[in-house]
Amino acid sequence: MLKLGTYNTLEVVRERDQGIYLCDDDGNEVLLPNKYVPEQFMIRDAIKVFVYLDSSERIVATTLEPYVTVNSFAYLKCTSVSDIGAFLDWGLEKDLFVPFKEQASKMRKGSWYLIYAYLDEKTDRLVASSKTNAFVDNSLVLLSAYDEVDLIASHPSPQGWNMIVNQKHLGLVYADEIFQKITPGDQLKGFVKKVRHDGKIDLTLQKHGYRGIEPNAQQILKELEANGGFIDLNDKSNPDDIKEVFQLSKKSFKKAIGTLYKSRKIAIEESGIRLLE
């Protein structure tokens, strides 16, 4: 069965004036138009294509790579608004449709939105929704403390930043653990701090405890090298100054420079830290 809204690996079965026809294991065929046909191919070659409905509601294949596939989140730009809904640029010729009922707030041309793409059961068309909370589920979270996870920044709250976790769950990075600028749609690596009994996920953008010392130490070494071997910050410096330069908490910074000092890579001076030869 051809899978709409995602990638399919299909076999070339014949060539026609309009392109080549591809077939799945069940005998279902789809056209790959000439503009996407590889320069060299042979009958029975396997080709990876994205399958969706074109502007005439026909199933068609493309070798273009969309910015989002079915059942996943992405941050996309609104290209136009009509009397039936909004349309987003998702990297294909036909824009991605967002019905008015699926807009968390009225979309405007030129603005960017975090959306979830899914198949409309009535039309088999891939559509989008900006009501993203409806598509996350924390009822069964198979994650543990220290697990590394993929994050998409969703929206800020008084507590910090809400994050889409592994394209499935909703989690939170608390404000006092954020040491970098975050904007909606940012794709980040993070780590699970705790999964609560109610399924809520506490996150951090830095490795816990000793697990984070080595990457932080490497970051400090790189900054020292980029600044001629000296930076006027040390364990007595203002936490805001440390955060601005290294995007680290003062506690993480002190642990990292302690590691570097013990390994004799830096000297901790009254006015800052110095890289040793």
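# A tour from the N-terminal strands to the last sheet

Select β1, residues 6-16, and β2, residues 19-23: the two strands pair in the antiparallel sense over five bridges. Two strands count as paired if DSSP finds at least two bridges between them, and the elements themselves are DSSP runs numbered from the N terminus, with at least four residues (H or I) for a helix and at least two (E) for a strand. This is a predicted model, in which local features need pLDDT of at least 70 and side-chain atom pairs count only at pLDDT 80 or more, while totals for chains, interfaces and linings use all residues. Residues are numbered from 1 along each chain as its sequence is written, and side-chain values use heavy atoms, with hydrogens and water left out.

**Stop 1: the N-terminal strands**

Stay on β1 and β2, which form a hairpin with two residues between them. To see one bridge, show Val 12 and its partner in β2, Leu 22. Next add β4, which pairs with β1 in the antiparallel sense over six bridges. Here Thr 9 has Lys 48 of β4 as its bridge partner.

Now go back to Met 1, in the segment before β1. Is Met 1 buried or exposed? Met 1 counts as exposed, at 72% relative accessibility; the cut-offs are under 20% relative accessible area for buried and over 50% for exposed, with partly exposed in between (1.4 Å probe, protein chains only). Select Asn 28 as well: its C-alpha is 6.5 Å from that of Met 1, although the two are 27 residues apart in sequence.

**Stop 2: β4, β5 and Glu 57**

Follow β4 to β5; this pair is antiparallel and has four bridges. Val 51 is matched with Ala 61 in β5. The hairpin of β4 and β5 has five residues between the strands, and in it Glu 57 takes a positive phi near 65°.

Show the side chain of Glu 57 together with Lys 94. The two form a salt bridge, with the closest N and O atoms 3.8 Å apart; the term means a side-chain nitrogen of Lys or Arg within 4 Å of a carboxyl oxygen of Asp or Glu. The pair links distant parts of the chain, 37 residues apart: Lys 94 sits in the loop between β7 (85-89) and β8 (96-99), Glu 57 in the loop between β4 (46-53) and β5 (59-62). Glu 57 counts as partly exposed because its relative accessibility is 36%.

**Stop 3: other salt bridges**

How many salt bridges does the structure hold? There are twelve. Select Lys 193 and Glu 177 for another of them, where the closest N and O atoms are 2.5 Å apart. Lys 193 belongs to strand β14 (residues 187-195) and Glu 177 to the loop between β13 (169-174) and β14, so that the pair links distant parts of the chain, 16 residues apart. Lys 193 is partly exposed, at 33% relative accessibility.

Then show Lys 200 and Asp 198, whose side chains meet in a salt bridge at 4.0 Å, N to O. Lys 200 is exposed, with a relative accessible area of 52%, whereas Asp 198 is partly exposed at 49%. Finally, add Arg 125 to the earlier selection: salt bridges that share partners join Glu 57, Lys 94 and Arg 125 into one network.

**Stop 4: the second largest pocket**

Which residues line the second largest pocket? Select Tyr 75, Ala 104, Ser 105, Trp 112, Tyr 113, Leu 114, Ser 130, Thr 132, Ser 154, His 155 and Pro 184. Two or more of the lining residues come from each of β9 (112-119) and β11 (148-157), and β9 gives the largest share, three residues. The volume is about 220 Å³.

A pocket is found on a 1 Å grid over the protein atoms alone, as an open set of points with protein on both sides within 12 Å along at least five of seven lines; lining residues have an atom within 4 Å of a point. The lining divides into six nonpolar, five polar and no charged residues.

**Stop 5: helix α2 and the last sheet**

Move to helix α2 (residues 239-246) and show Asn 238, which caps the N-terminal end: a side-chain oxygen lies 2.7 Å from the backbone nitrogen of Asp 240. Just after α2, Gln 247 takes a positive phi of about 55°.

End with the open sheet of three strands in the order β16-β18-β17, where the pairing is antiparallel. At its edges are β16 (230-231) and β17 (266-268), each pairing on one side only. Three bridges join β17 to β18 (residues 273-275), and Ile 268 has Ile 273 as its bridge partner in β18.

Key:
On a 1 Å grid over the protein atoms alone, a cavity is a set of points where a 1.4 Å probe fits but cannot get out, and a pocket is an open set with protein on both sides within 12 Å along at least five of seven lines; lining residues have an atom within 4 Å of a point. Grid points are joined across faces, edges and corners, and a volume is the space filled by probe spheres set on the points. Ala, Val, Leu, Ile, Met, Phe, Trp, Tyr, Cys and Pro count as nonpolar, Asp, Glu, Lys and Arg as charged, and the others, Gly among them, as polar. A polar contact is a pair of N or O atoms within 3.5 Å; within protein, one must be able to donate a hydrogen and the other to accept it, and residues adjacent in sequence count only if both atoms are side-chain atoms.
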